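Here is a short report for a reader new to this protein. Look at the model first, then follow the text.

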Amino acid sequence: MINNWKTAAAWALIALGFLHIVMGFVRFKQPFLAALHEGIFDTFKVDDTRRLAFWFTLLGPALVLCGHLALRAAQAGNFETLGLIGLYLLVVAVLGIVALPASPLWALLVVAGLLFAAGRGWLT
């Protein structure tokens, strides 16, 4: 149940993770199909597109995990952990945006900022 900024931000992170997985399979359908056709094992080193497909999509479960941890921290009142999750994700988002400003990492920046602010007690 979303009853405050803390849980809303955690659920948003979970949603970003699932969106990453779905978009990975949609955007990189051909590289995944080619790897599947070749038997998956050790097939993602073939070219840059396959490596990008793999790492882009694999980031999704990591974001879902961070979102679930943030949700548990918010529900338990463990705001230090919530802020720490937000801080780490802020660093990742900022580094990613500096490297690739036209990327969708701006969404992660917003969610991470909310988590960090909620963890610091700036949002209730």
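I40 is partly exposed, with 37% relative accessible area. That residue sits in the loop between α2 (29–37) and α3. Its phi is near 65°, a positive value in a residue that is not glycine. Most residues other than glycine have a negative phi. D42 lies in the loop between α2 and α3 too. D42 is not a glycine either, yet its phi is positive, at about 60°. The relative accessible area of D42 is 47%, so this residue is partly exposed.

**The overall picture**

The model is predicted. The protein chain holds 5 helices and 0 strands. From the N terminus, the order is α-α-α-α-α. Along the principal axes, the C-alpha atoms fill a box of roughly 50 × 30 × 20 Å. The chain has 124 residues, and 36% of them count as buried. Take the contacts with a separation of 6 or more: residues 24 or more positions apart account for 60% of them.

The accessible surface comes to about 7,700 Å². Carbon and sulfur atoms make up 72% of that surface. The chain carries 8 positive and 5 negative charges. The mean positions of these two sets are 10 Å apart.

**The nonpolar cores**

In soluble globular proteins, nonpolar side chains tend to be buried together. Which residues of the largest nonpolar core touch the most other members? They are L13, A70, L82, L89, L108 and L115, out of 21 residues in that core. Two or more core residues come from each of α1 (5–27), α3 (48–76), α4 (79–99) and α5 (105–119). Helix α3 gives the largest share, 6 residues.

L82 deserves a closer look. Neighbours within four places in sequence are left aside here. L82 is then in contact with K6, A70, A73, A74, L115, A118 and G119. Two of these partners, A70 and L115, are also on the list of core residues that touch the most other members.

Another core lies apart from the largest one. This other core has 5 residues, including F28, F32, F44 and A53.

**The salt bridges**

How many salt bridges does a search of the whole structure find? The count is 3. The table gives each pair with its N to O distance.

| Pair | N to O distance |
|---|---|
| E38 and R50 | 2.8 Å |
| D42 and K45 | 3.0 Å |
| D48 and R51 | 2.4 Å |

Start with E38 and R50. E38 lies in the loop between α2 and α3, while R50 is in helix α3, so the pair ties together parts that are 12 residues apart in sequence. R50 is at 6% relative accessibility and counts as buried. E38, at 46%, counts as partly exposed.

Next come D42 and K45. D42 is the loop residue with the positive phi of about 60°. Its side chain meets that of K45 in a salt bridge. K45 is exposed, with a relative accessible area of 53%. D42, at 47%, counts as partly exposed.

Last come D48 and R51. Both are in helix α3, 3 residues apart, so about one helical turn separates them. Is D48 buried or exposed? At 56% relative accessibility, D48 counts as exposed. R51, at 33%, counts as partly exposed.

Notes: Residues numbered from 1 in each chain as written. Predicted model: local features only at pLDDT ≥ 70, side-chain atom pairs only at ≥ 80, totals over all residues. Heavy atoms only, no water. Helix = DSSP H or I, 4+ residues; strand = E, 2+ residues; numbered from the N terminus. Buried < 20%, exposed > 50% of the residue type's maximum accessible area, 1.4 Å probe, protein only. Contact = heavy atoms within 4.5 Å. Areas by Shrake-Rupley, 256 points an atom, 1.4 Å probe, with all protein chains shown as cover. Lys, Arg positive; Asp, Glu negative; His and termini not counted. Charge placed at Lys NZ, Arg CZ, Asp CG, Glu CD. Core = buried A, V, L, I, M, F, W, Y, C linked by side-chain atoms within 4.5 Å. Salt bridge = Lys/Arg side-chain N within 4 Å of Asp/Glu carboxyl O.
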